[in-house]
Structure formats: C-alpha cells, structure tokens
Amino acid sequence: MAEAFRFRIREHGPAGSPVREPFTPAAPSPGWVRLELKAMALNRLDLWTTQGIPGFPLPLPLTPGCDGAGVVEAMGEGSALPPGLELGGSAMIAPGLSCGVCPACLRGDDMLCPTYGILGHVHDGTAATHVLVPAANLLPIPGNWSFEQAAAFPLVFLTAWEMLVHKGHLRPGETVLVWGGGSGVGSAAIQLVKALGGSAIAVVGSEAKAMQCWDLGAEHVLVRGDLKSLAGKVRELTGKRGVDVVFEHTGAATWATSLAVCARGGRIVTCGATTGRETAFDLRALFAKQIQIRGSYMGRREHLWTLLSLLQKSPTNPPFRPVIDRIFDLAEYPEAQRHLEAGTGFGKVACRVA
Ligand SMILES: [Zn+2]
C-alpha cells in the first residue's frame, strides 16, 4: 500500500503553504467512517483556512479540503451507511458537519446547528489520502461520474441551491445576476438558474470565460470591466427593471453595483466576500426599492439528496454537472491552491489521489 499522507496547515500563511506529512489514518469512532480518498476538490475556503481569518481562530494544525470522494474503507462501531452505499463501495462527502440532535438539526436546518462546521475548516479535511467523516455525511456518486466530478460537486451545488431556491426564492421566468460566472459556485449557479426556469446574466472577467458561460446555459454574459457601464448593460437587458435575484459572493468590490441592478422587491443573496468583507451602501436604495438582503452559508445536507434525485430523473441529459477546470495530483495540492487563487481557470480545481 502506498504511503498515507496529508497536507497540514501548521501556521497560517499564503496560498500554497500547507505542508505535506506522512500519517497513520485513525480508526473511525462510532457513527463515523474512514474513506480512502480518490479525489478532492478545492474551494475558496481552502484559501481562507490556509491564510487565517481575522477574529475566527482555527484549530491548528489542520488538514484543509472540504470536498472529496473515494471508497468506504472502514466503519466505526454502530455506523450505518446511507441508502445506496456499502463498505468497500464508492461515496462522496457532504462537507457540513453538525451534531444531529439539537433542534436545528432535528428540523433539518443542520447548517444552523450551534456546532456546525465544515470539513477542512474546523475538522481535518480532504487534502489527504484518507479522511474520517460521520457516516451520515456520505452520499452515493451520481451515474457514471468520475471521482473528480463527484468531489467537485457537493459544496458549490449545495451553496448555490440554498442561495437560489431557499434564500433567493427564485421563481420561473425571473432573472438572476451571477457574479463570477467562471468560479466553481458561479458555474453551478448558472446551470441551476436554467434548471429552475430562470434566466442567468453571468458576469465574467474575460471573453474566454464568456464562451463557457454560454455553454452552461447563461442567457446573457457580460465581461466585467467598468462597473458603471456594466450596471447600465444589466438595466438594458432587463428593460430598465433590474434583476430579481443577485447571486453575490464577490463582496466589497461589487456590492454597490449589486444594489444598483437589483429590481424593486428583488433579493440579494451573498455567500462570500472574495474582494473584501467590509462595505458601505446607500440605505435609500435598500428601502425605497424594498430589496431583501440574505446571508447564506452552505445549505441543508438533505438538499444534496434533492439534487441527486434531480440528476437521476434524466441520467442521459443531466440538468447540471460540476465543471472542472484542472486536475492536479494530490501531491501538488499547494500548487492547486495557488492556481485557484490566481483565478485564471473556469470552474473547479480538483486533485486526484494517485
Ligand atoms: Zn445540531
């Protein structure tokens, strides 16, 4: 058997600073399982976790990586696997961990659990050959997807689904502005907007990314540049009305524009702050246009099963799929982090365990 290894954040540093070390994978506790990972996928959270978040101390040393897929290798005492899974079979991971017994968990709002935490952020994650997760966090891999595709799916699709359906209350026929259409979560949102009967106006940084947004089903694609003229174009495309939902994850740099292009009665849903976490805005725009601002963080684990059942309905022509920009070898995880930070790719960055 090849040597087991993992990447560790021993102290916070720049993207690419986690250090490789050999380790002995532990036996799973009761209710938990051990997965031999075949692939993992990166998220912005890998970078935040590596760099450190002011005012939010993380339990170092820590293995980053929220998303992963592999083979169920060992089960803790009393662990039961979700439907469709078996010991020795393949599975993908739902990255949100919660207690399972509090009122929020019991009503299915596991992401509101007081102990809620994401794998690779407050628990050792998937930048490793093996990972421990609660059995309840496993899901079957859809159809003939590769391990890389399975690893690239859960976090961004769960996040985008929660933002569009449950926070944004997107209705068929409505229009959504998707910032960062070339990002992992943006490329998921474009596809889900279409699957839900809406129209996506995607914003991207370059012409090359525009083509790929068309392919994913965006109704319109705008190449970023000057934000004032971008706002003008959005108003033009929507008959001066603005968009019904703004899919925000970019933060300070785009916030004022998000407010400006949001229609009366529209919703701005945000799950990130890539360009900065502090912003000021004109309250008159908020109340006069009766805009709702909703914060969103991950989503109900149950809704990953909803997404899986939507995929099962049309296996030959799936309504959405993870978009993979590039696959690294797991040994190159630090390089994969730097590639993600550079922001030049389209879609998800994944690592294959050789
Ligand atoms: Zn709970």
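## Exercises on a zinc site, a strand pair and a surface patch

Cys113 is buried, with a relative accessible area of 5%. Keep in mind as you work that this is a predicted model.

### Exercise 1: The zinc ion

Find out which residues coordinate the zinc ion, and work out what geometry its site has.

**Solution.**

1. Start with the donors: the SG atoms of Cys99, Cys102, Cys105 and Cys113 coordinate the zinc ion at 2.3 Å.
2. Next, look at the angles among the four donor atoms, which are 106 to 116 degrees. Four donors count as tetrahedral if all angles lie between 85 and 135 degrees, so the site of the zinc ion is tetrahedral.
3. For reference, the ideal angle for four tetrahedral donors is 109.5 degrees.
4. Now turn to the sequence, where the donor residues follow the spacing C-x2-C-x2-C-x7-C. Cys99 sits in the loop between β6 (96-97) and α2 (103-106), and Cys113 in the loop between α2 and β7 (117-118), so this pair ties together parts that are 14 residues apart in sequence.
5. Finally, compare accessibility: Cys99 is partly exposed at 35%, whereas Cys113 is buried at 5%.

### Exercise 2: Two strands and their charges

Describe how β1 and β2 are joined, then find the salt bridges that Glu21 makes with Arg8 and Arg10.

**Solution.**

1. Begin with β1 (residues 5-8): Phe5 and Phe7 point one way, Arg6 and Arg8 point the other way, and all are buried. This fits a general pattern: in a regular strand, side chains alternate between the two faces of the sheet.
2. Strand β2 (residues 19-22) runs antiparallel to β1, and four bridges join them. Opposite Arg6 stands Glu21 in β2.
3. Glu21 meets Arg8 in a salt bridge of 3.5 Å, N to O. Because Glu21 lies in β2 and Arg8 in β1, the pair ties together parts 13 residues apart in sequence.
4. Glu21 also forms a salt bridge with Arg10, with the closest N and O atoms 3.1 Å apart. Arg10 is in the loop between β1 and β2, eleven residues from Glu21.
5. Check the surroundings: Glu21 is buried at 15% and Arg8 is buried at 9%, while Arg10 is partly exposed at 47%.
6. Put the pieces together: Arg6, Arg8, Arg10, Glu21 and Asp124 are linked in a network of salt bridges.

### Exercise 3: A nonpolar patch

Identify which residues make the nonpolar surface patch, and decide whether Leu283 is buried or exposed.

**Solution.**

1. Phe281, Leu283, Phe287 and Ile293 make the patch, which covers about 380 Å².
2. Leu283 belongs to helix α9 (residues 283-288).
3. The relative accessible area of Leu283 is 53%. Exposed means over 50%, so Leu283 is exposed.

How values were computed:
Residues numbered from 1 in each chain as written. Predicted model: local features only at pLDDT ≥ 70, side-chain atom pairs only at ≥ 80, totals over all residues. Heavy atoms only, no water. Donors = N, O, S within 2.8 Å, 3.2 Å for Na, K, Ca; no water. Tetrahedral: all angles 85-135°; square planar, octahedral: opposite > 155°, others 65-115°. Buried < 20%, exposed > 50% of the residue type's maximum accessible area, 1.4 Å probe, protein only. Pairing = 2+ DSSP bridges. Patch = residues over 30% accessible without salt bridge, like charges linked within 9 Å, V, L, I, M, F, W, Y side chains within 5 Å. Areas by Shrake-Rupley, 256 points an atom, 1.4 Å probe, with all protein chains shown as cover. Salt bridge = Lys/Arg side-chain N within 4 Å of Asp/Glu carboxyl O.
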